[in-house]
Amino acid sequence: MLFRLRQLLTAALVANALRPVPGFRTAVPVFLAGWGTSELAPHLLAATAADTARHARRRGLTRTGALLALANAAGLAWMLRTSAQARGVADRALVDALGVDYLDEIDTEVPRDVRVPWRRLLNPFRMREPGVHVERDIAYDDTLGRRGLLDVYTAVERPAGLPEGGAPVLVQVHGGGWTLGAKDTQGIPLMQHLAARGWVCVAPNYRLAPQHPFPAQIVDVKKVLAWVHEHIAAYGGDPSYVAITGGSAGGHLAALAALTPGDPAWQPGFEDADTSVQVAVPHYGVYDLAGATGLRSAVQMRDRFLGPRILRRRWREDPEPFEAGSPLLRVGPEAPDFFVVHGRLDSLVQVDQARLFVEALRRTSRRSVVYAELPGAQHAFDVLPSVRSVAVVRAVDRFLHWHWARHRRALAPAVAAGEEDSRPA
């Protein structure tokens, strides 16, 4: 009886992960159940096989129990196969946007691939990386208490082959629906990977709603960028090359910050500070706070969640803050390069938002726009090391190293000219 109940529960989880139930009211529980099942599919498959073998050896299997176990194993195997497709999807996205020879532009001294961390996949909850040092709780705004702190990730030993000068910088903005979360809860696999390869990664806290309504969150992200430009050289970083990433609410804030450098409305008291970034890599972000797309899911999010809890105002009475806070409506010709990543089965932020955001970028921006839509992926697919998240880290690694190499080559003539001018006559 207990075996059958376990298999029925697993069947419900598998069905939800393969075909999430749509709807605003059910989005959170559907996401929570689907995310764990999708990203831990190998572990659940092994557990199902072990449970079935153990029960068969002790008590034998009924026809119903055997069929349930077989169906669950097939569903989990399908999810594992779909997760593995993320690598090919991301590779094709990079080639389509950057060209078939984009890897040739990556400096030869920088490794081009990412090894699969099998030990980490076996125990995804073990997040330590011995080759990375984390300096914690550095204040970027000492008036905000813990919400004004950030962590800096650097390599314990400088990797061989890195060029001289400051290392490239990545700012990782955590998600959590603008209402919860912290600097050490998201983006860890990507930051650890890049830090081990010589990058300087910065993970900040920021003020949370509803106690601090939007735009407090984007103001704090701007403060972080201003801090990075002013102080990151002391940690070995190059303030002339700053990338920004984040997931969910962090994806929204990363995209919005990238599209609004120097916006004085969101830089009170530090209007002249440099808050620009060279490239943005938002994951499963919210791009339409105003419901401008007309998507039913975006309108429901605006009226039932964003308005009452995040902005603390009604869209019908005051639409301007919703529009100003929508990355989709801030896209312009000077937008930096983007790599947008989204899961096709995202229950919290429908994939249509990402598609329309990418469409606006490609129509307007003068820069490269890469878009990877991952089959079978739920929201927050990159929080833990998994088959899918490893593929995404690999793709982001290639994109950022490609972009950094181009940035360095673009600076080379100016540096050479400056050296020439500095020589005595």
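**Figure 1. β5 and its parallel neighbours.** Strands β5 and β6 run parallel and are joined by five bridges; two strands pair if DSSP finds at least two bridges between them. In this pairing, Gly247 has His283 of β6 as its bridge partner. β5 also pairs with β3, again in the parallel sense, over six bridges. Here Val173 is matched with Gly246 of β5. β5 is mostly covered, with nine of its eleven residues buried; buried means under 20% relative accessible area, exposed over 50%, and partly exposed in between (1.4 Å probe, protein chains only). Helices (H or I, at least four residues) and strands (E, at least two) are DSSP runs, numbered from the N terminus.

A word on the model behind these views: it is predicted, so local features need pLDDT of at least 70 and side-chain atom pairs count only at pLDDT 80 or more, while totals for chains, interfaces and linings use all residues. Residues are numbered from 1 along each chain as its sequence is written, and side-chain values use heavy atoms, with hydrogens and water left out.

**Figure 2. The whole sheet, from edge to edge.** Eight strands form an open sheet with mixed pairing, in the order β1-β2-β4-β3-β5-β6-β7-β8. β1 (132-139) and β8 (369-374) stand at the edges with a single partner strand each, so one side of each has no neighbour in the sheet. Neighbouring strands are turned by 20 degrees against each other on average, direction ignored. At the β1 edge, six bridges join β1 to β2 (residues 149-155), and these two strands run antiparallel. One pair to look for is His133 with its bridge partner Thr154 in β2.

**Figure 3. Helices lying on the sheet.** α4 lies across β7 (337-343) and β8, running at about 160 degrees to β8. Axes are lines fitted to C-alpha atoms, for helices over the stretch in contact, and angles run from 0 to 180 degrees between N-to-C directions. Helix α8 (residues 249-259) also packs on the sheet, where α8 touches β3 (167-173), β5 (237-247), β6 (279-283) and β7. The direction of α8 makes about 140 degrees with that of β5. Eleven of the eleven residues of α8 are buried, so this helix is largely enclosed by the rest of the structure. Among them are Gly250, Gly251, His252 and Leu253.

**Figure 4. α3 against α4.** The axes of α3 (residues 41-58) and α4 (residues 63-98) come within 9 Å and cross at roughly 160 degrees. The two helices are therefore roughly antiparallel to each other; angles under 35 degrees count as roughly parallel, over 145 as roughly antiparallel, 65 to 115 as roughly perpendicular and the rest as oblique. From α3, the contact draws on Ala41, Pro42, Leu44, Leu45, Thr48 and Thr52, and from α4 on Ala69, Asn72, Ala73, Leu76, Ala77, Met79 and Leu80. Contact means heavy atoms within 4.5 Å. These residues divide into ten nonpolar, three polar and no charged, where Ala, Val, Leu, Ile, Met, Phe, Trp, Tyr, Cys and Pro count as nonpolar, Asp, Glu, Lys and Arg as charged, and the others, Gly among them, as polar.

**Figure 5. α1 meets α2.** Helices α1 (residues 2-18) and α2 (residues 27-39) pack at an angle of about 100 degrees, with their axes 8 Å apart. That makes α1 roughly perpendicular to α2. Leu13, Val14, Asn16 and Ala17 of α1 meet Val30, Ala33, Gly34, Thr37 and Ser38 of α2. Five of the contact residues are nonpolar, four are polar and none is charged.

**Figure 6. Val349 in its loop.** Val349 sits in the loop between β7 and α11 (351-364). At 2% relative accessibility, Val349 counts as buried. Leaving aside neighbours within four places in sequence, Val349 is in contact with Tyr284, Gly285, Val286, Met301, His342 and His379. Val349 and Met301 are 48 residues apart along the chain, and their C-alpha atoms are separated by 8.9 Å.

**Figure 7. α6 and the glycine after it.** Eight of the nine residues of α6 (residues 188-196) are buried, so this helix is largely enclosed by the rest of the structure. The buried residues include Ile188, Met191 and His193. Just after α6, look for Gly198, which takes a positive phi of about 105 degrees.
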